[in-house]
Amino acid sequence: MSIEVRNVRKTFGDQVALQDLSIAAPTGKLVALLGPSGSGKTTLLRIIAGLDFPDSGTVHLHGDDATGRRARDRGVGFVFQHYALFRHMTVFENVAFGLRVRPRRERPSSGQIRATVEELLDLVQLGWLRDRYPSQLSGGQRQRIALARALAVKPRVLLLDEPFGALDAMVRKDLRRWLRELQDQLQVTTVLVTHDREEALEVADAIVVMNNGRVEQEGSPDHLYANPGTPFVYRFLGGVNLFHGRLRNGEVDIGGATIKAPELAEAEDQWALAIVRSYDFDVTRVANRGLEMPAIVRHVRTVGHVVRVELSELSGKVIEAELPAARFGELALGKGDSVFVVPRLARVFPQGA
Ligand code: ATP
C-alpha cells in the first residue's frame, strides 16, 4: 500500500469532520474520494498531504509513519481546483519551479531540468505553450500544466482536489480521459477528491464513498455500481426512485404495486425502503401482471438513445423512468397518457418495525 490512513479523527471545534476513518490506496492506483459537500473529502486529502494534522490516528506513506511530518517532507504533489500557477512565470518556468528551488545538493543541473520539463510538457501534450504565461492559457490547459508541475518533483503520491471542478462539462470529460491515460502510463499512486460520480466511476481504480466523515462503502467502480451497500450509496450514484412500504413474506407493498424481494422471504413483517433505478422500470399500456402501478405521463425528454419519462403515480408520487428509444417508440407515449409502471428489478432495505 502506498497510502494507509488508520483511524483518523479530525474535529474543528465541536464539528467532527472525520470520525475514525481508515482508507488504503494501493501502489500505482487511482483512488477517488467521492461524497457530498461537507463529507470530509478535502479534510482527509489535506491530512494525507500534511497540510493539516489529525487529532488521533495515523497516516503511513509507503510504509513510513508520516503522521507528524510536514507537507514538504512527504513527497506529495498537489493539484487543486483553482489553478495555482505563478502568474509572472512562463509555462516552462512554472513546471521547472519545484526543481529549481531544491537545495543545491539535490538540485539537478540546468540541462537536466530542461530535459525533465520538456518531457513533462510532452506528456501533457502542451510543449507548444512553453513560452506562454498562465493568463494566455485556457482553464483546461492551466490544469494540465499544474499537473505537469506537480509531477516534476517525482512525487511518491499525487493528490488532486477537484482538479477539473471549475471547467465546463466538455473539457472535464476530455480531461478525465486524459488523466486516465496518464495514470496508466505513470502509475503514480493518486487520490482524487470529487463530488462528481461520473468522474469517479470513469477514472478511478477504486472509489471510497464518504458520508459525514465516515467511509460509507468502498470498492471498484464496477462493484460499487452493481452492489451499492446502502440507500445512501444508491442515492449518491443517482438515477434512483425510492418507495416506502410494508415488507411481508418477501414482498413489499408500495401501494398499487408489489415489489418482490425473495431474498427477504424470511424477514419479519416490517417497514422497508425499495429502490428502483430509473432504467429498471418497464412502462406498459395495459395491465397484465397485477404488479403494475397505474400512472400518468407528465413529461418526456429524449437524451440520445434513451428517453426519460416523468410519471406521476395515483398518490401523486413522481417516478422517473428511462426507456430505450426503441421501446418508447413502440409505446408512442405522450403527455397525459395513462399507463402502467412495472419495476423489473428493485433492491429492498428493511427499515425495522
Ligand atoms: P466540499 O465537497 O464541499 O469541498 P468536503 O467533503 O471536502 O466538502 P470538508 O471540506 O472536508 O468537506 O469539510 C468537512 C467538514 O469539516 C465540514 O462540515 C466543514 O464545515 C468542516 N471544516 C472543514 N475545514 C474546516 C475549518 N478549517 N474550520 C472549521 N470547520 C471546517
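**View 1. Helices H2 and H3 cross obliquely in this predicted model.** Here the axis of helix H2 (residues 91–100) comes within 10 Å of the axis of helix H3 (residues 110–123), and the two cross at roughly 125 degrees. An angle of that size makes H2 oblique to H3. The crossing of H2 past H3 is right-handed. From H2, the contact draws on Val91, Phe92, Val95, Ala96, Leu99 and Arg100, while H3 brings Ile113, Arg114, Thr116, Val117, Glu118, Leu120 and Leu121. Sorted by character, the residues of this contact of H2 with H3 come to 9 nonpolar, 1 polar and 3 charged.

**View 2. Helix H2 also meets helix H4, in a roughly parallel arrangement.** The axes of H2 and helix H4 (residues 139–152) come within 7 Å and cross at roughly 25 degrees. Angles under 35 degrees count as roughly parallel, so H2 is placed in that class relative to H4. The handedness of this crossing is right-handed. On the H2 side you will find Val91, Asn94, Val95 and Leu99, and facing them in H4 are Ile145, Ala148, Arg149 and Ala152. The contact of H2 with H4 consists of 6 nonpolar, 1 polar and 1 charged residues. Val91, Val95 and Leu99 are worth picking out here: they belong to the H2 contact with H4 and are also listed in the H2 contact with H3.

**View 3. A mixed sheet of 6 strands carries helix H1.** Follow the strands of this open sheet in the order S6-S7-S8-S3-S9-S10. Strand S6 (76–79) and strand S10 (214–219) are at the edges with a single partner strand each, so one side of each has no neighbour in the sheet. From one strand to the next, the twist averages 20 degrees. Helix H1 (residues 41–49) packs on this sheet and touches strand S3 (30–34), S6, strand S7 (157–161), strand S8 (189–194) and S9; the direction of H1 makes about 155 degrees with that of S7. For a look at one pairing, strand S9 (residues 206–211) runs antiparallel to S10 and is joined to S10 by 5 bridges. Asparagine 211 sits opposite arginine 214 of S10.

**View 4. Strands S1 and S2 make a hairpin.** Strand S1 (residues 3–12) pairs with strand S2 (residues 15–25) in the antiparallel sense, over 7 bridges. Glutamate 4 has alanine 24 in S2 as its bridge partner. There are 2 residues between the strands, and glycine 13 in the turn has a positive phi of about 60 degrees.

**View 5. An open antiparallel sheet is built from 5 strands.** The order to trace is S13-S12-S11-S14-S20. Its edges are strand S13 (258–260) and strand S20 (347–352); each has a single partner strand, so one side of each is left without a neighbour in the sheet. Neighbouring strands are turned by 35 degrees against each other on average, with direction ignored. Within this sheet, strand S11 (residues 240–248) and strand S14 (residues 270–277) run antiparallel and are joined by 8 bridges. Arginine 246 is opposite tryptophan 271 of S14.

**View 6. The protein chain is divided into two domains.** Domain 1 covers 3–235 and domain 2 covers 239–350. Their C-alpha centres lie 40 Å apart. Where the domains touch, 7 residues of domain 1 and 8 residues of domain 2 take part in the contact.

Methods
Residues are numbered from 1 along each chain as its sequence is written. This is a predicted model: local features need pLDDT of at least 70, side-chain atom pairs count only at pLDDT 80 or more; totals for chains, interfaces and linings use all residues. Side-chain values use heavy atoms; hydrogens and water are left out. Axes are lines fitted to C-alpha atoms, for helices over the stretch in contact, and angles run from 0 to 180 degrees between N-to-C directions. Helices (H or I, at least four residues) and strands (E, at least two) are DSSP runs, numbered from the N terminus. Angles under 35 degrees count as roughly parallel, over 145 as roughly antiparallel, 65 to 115 as roughly perpendicular and the rest as oblique. A crossing is left-handed if the near helix is turned anticlockwise from the far one by less than a right angle, and right-handed if clockwise. Contact means heavy atoms within 4.5 Å. Ala, Val, Leu, Ile, Met, Phe, Trp, Tyr, Cys and Pro count as nonpolar, Asp, Glu, Lys and Arg as charged, and the others, Gly among them, as polar. Two strands pair if DSSP finds at least two bridges between them. Domain bounds come from an automatic or database domain assignment.
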